[in-house]
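Here is a friendly walk through a protein model for someone meeting it for the first time. Have a look at the sequence and the structure, then read on.

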Amino acid sequence: MVAALELYLDTDATRRIRVLWDALESEGVQSMRSLLERRHRPHVSLAVAPRLDPDQVADTLAGTTVAVPLRLSFQHAGQFVGRVLWLGPSPTADLLAHQALVHDRLAAAGVGLAEHYRPGRWVPHCTLSMRVPNALMAAAVRRCLEVLPLEATVVGAAVTDHARGICRPLP
């Protein structure tokens with residue numbers, strides 16, 4: 001399991017993604033709704049690590065507004081190797097700069113972050129499923145395209161580590 005610094009979406013966008021989770025489940029695709037004892041919340045992760053100390057993250061980012069009210073425009077569906085399905089927001093200059101700021105501050109403080117979240121490599125996304133059977137991928141992507149475009153505003157942020165029961169809100 002991994003820990004993450006998550007950006008949360010407004011109520012309407014969250015509702016629409018949860019409806020998409022239900023649609024994926026109806027296609028036989030296990031969505032993020034089914035994982036983590038239904039504690040998963042639609043989000044975009046700015047940083048991921050094997051483990052995050054919420055106090056260290058909060059101290060490192062003191063004075064930084066992590067939950068900047070960025071406008072996100074989800075325009076595409078994608079998949080990562082390993083059958084991970086996601087929706088992707090357009091990578092605006094503001095979003096990329098915010099992620100780089102947060103990442104660089106954490107890295108400078110010695111927080112061991114995942115390499116694929118390094119600025120320049122990071123792919124902004126909202127994970128929908130981590131276990132899409134190959135035979136169902138086309139149907140799952142079709143379901144994703146039904147909800148696009150999806151407009152959202154960042155309304156909150158938290159350090160999470162579900163394996164350790166951590167969810168610490170950040171400003």
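## Ground rules

Helices and strands here are DSSP runs, numbered from the N terminus: H or I over at least four residues for a helix, E over at least two for a strand. This is a predicted model, where local features need pLDDT of at least 70 and side-chain atom pairs count only at pLDDT 80 or more, while totals for chains, interfaces and linings use all residues. Residues are numbered from 1 along each chain as its sequence is written, and side-chain values use heavy atoms, with hydrogens and water left out.

## Valine 159, tucked into a strand

Let's start with valine 159, which sits in strand S6. Is valine 159 buried or exposed? Its relative accessible area is 0%, so it is buried (buried means under 20% relative accessible area, exposed over 50% and partly exposed in between, using a 1.4 Å probe and protein chains only).

Contact means heavy atoms within 4.5 Å. Leaving out residues up to four places away in sequence, valine 159 touches Ala4, Leu5, Leu52, Pro54, Val57, Ile166, Cys167, Arg168 and Leu170. Leucine 95 is 64 residues from valine 159 along the chain, and their C-alpha atoms are 18 Å apart.

## The largest pocket

Rolling a probe the size of a water molecule over the atoms shows where empty space is left. A pocket is an open set of points on a 1 Å grid over the protein atoms alone, where a 1.4 Å probe fits, with protein on both sides within 12 Å along at least five of seven lines; a cavity is a set the probe cannot get out of, and lining residues have an atom within 4 Å of a point. Grid points are joined across faces, edges and corners, and a volume is the space filled by probe spheres set on the points. By that recipe, the largest pocket comes to about 620 Å³.

How many residues line the largest pocket? There are 27, and Val2, Val48, Tyr117, Thr127 and Met130 lie nearest its centre. Strands S1 (3–9), S2 (43–49) and S5 (126–129) are the elements that give two or more residues to this lining, and S2 has the largest share, with four. Sorted by class, the lining has 16 nonpolar, eight polar and three charged residues (nonpolar covers Ala, Val, Leu, Ile, Met, Phe, Trp, Tyr, Cys and Pro; charged covers Asp, Glu, Lys and Arg; the others, Gly among them, count as polar).

## Serine 45 in S2

Strand S2 is also home to serine 45. Serine 45 counts as buried because its relative accessible area is 7%. Its side chain makes a polar contact with the side chain of histidine 43 at 3.2 Å (a polar contact is a pair of N or O atoms within 3.5 Å; within protein, one must be able to donate a hydrogen and the other to accept it, and residues adjacent in sequence count only if both atoms are side-chain atoms). Not counting residues up to four places away in sequence, serine 45 touches Ala4, Leu5, Glu6, Tyr117, Trp122 and His125.

## Two helices

Helix H1 (residues 11–26) has 16 residues and reaches 23 Å from first C-alpha to last, close to the 22 Å expected (the expected span is 1.5 Å times one less than the number of residues). At its N-terminal end, aspartate 10 acts as a cap, with a side-chain oxygen 3.1 Å from the backbone nitrogen of aspartate 12. The buried residues of H1 are Ala13, Thr14, Ile17, Leu20, Trp21, Ala23 and Leu24, and they pack against S1, strand S4 (84–89), S5, H4 and S6. Just after H1, glycine 28 takes a positive phi of about 90°.

Helix H3 (residues 93–108) also has 16 residues, and it reaches 22 Å. Its buried residues include Leu95, His98 and Leu106. The buried residues of H3 pack against S1, S2, helix H2 (54–60), strand S3 (71–80) and S4. Just after H3 comes glycine 110, with a positive phi of about 85°.

## A cis bond in a loop

Leucine 148 lies in the loop between helix H4 (137–147) and strand S6 (150–161). A cis peptide bond joins leucine 148 to proline 149, with omega about -5°. Leucine 148 counts as buried because its relative accessibility is 16%. Histidine 76 is 72 residues away from leucine 148 in sequence, yet their C-alpha atoms are 7.0 Å apart.
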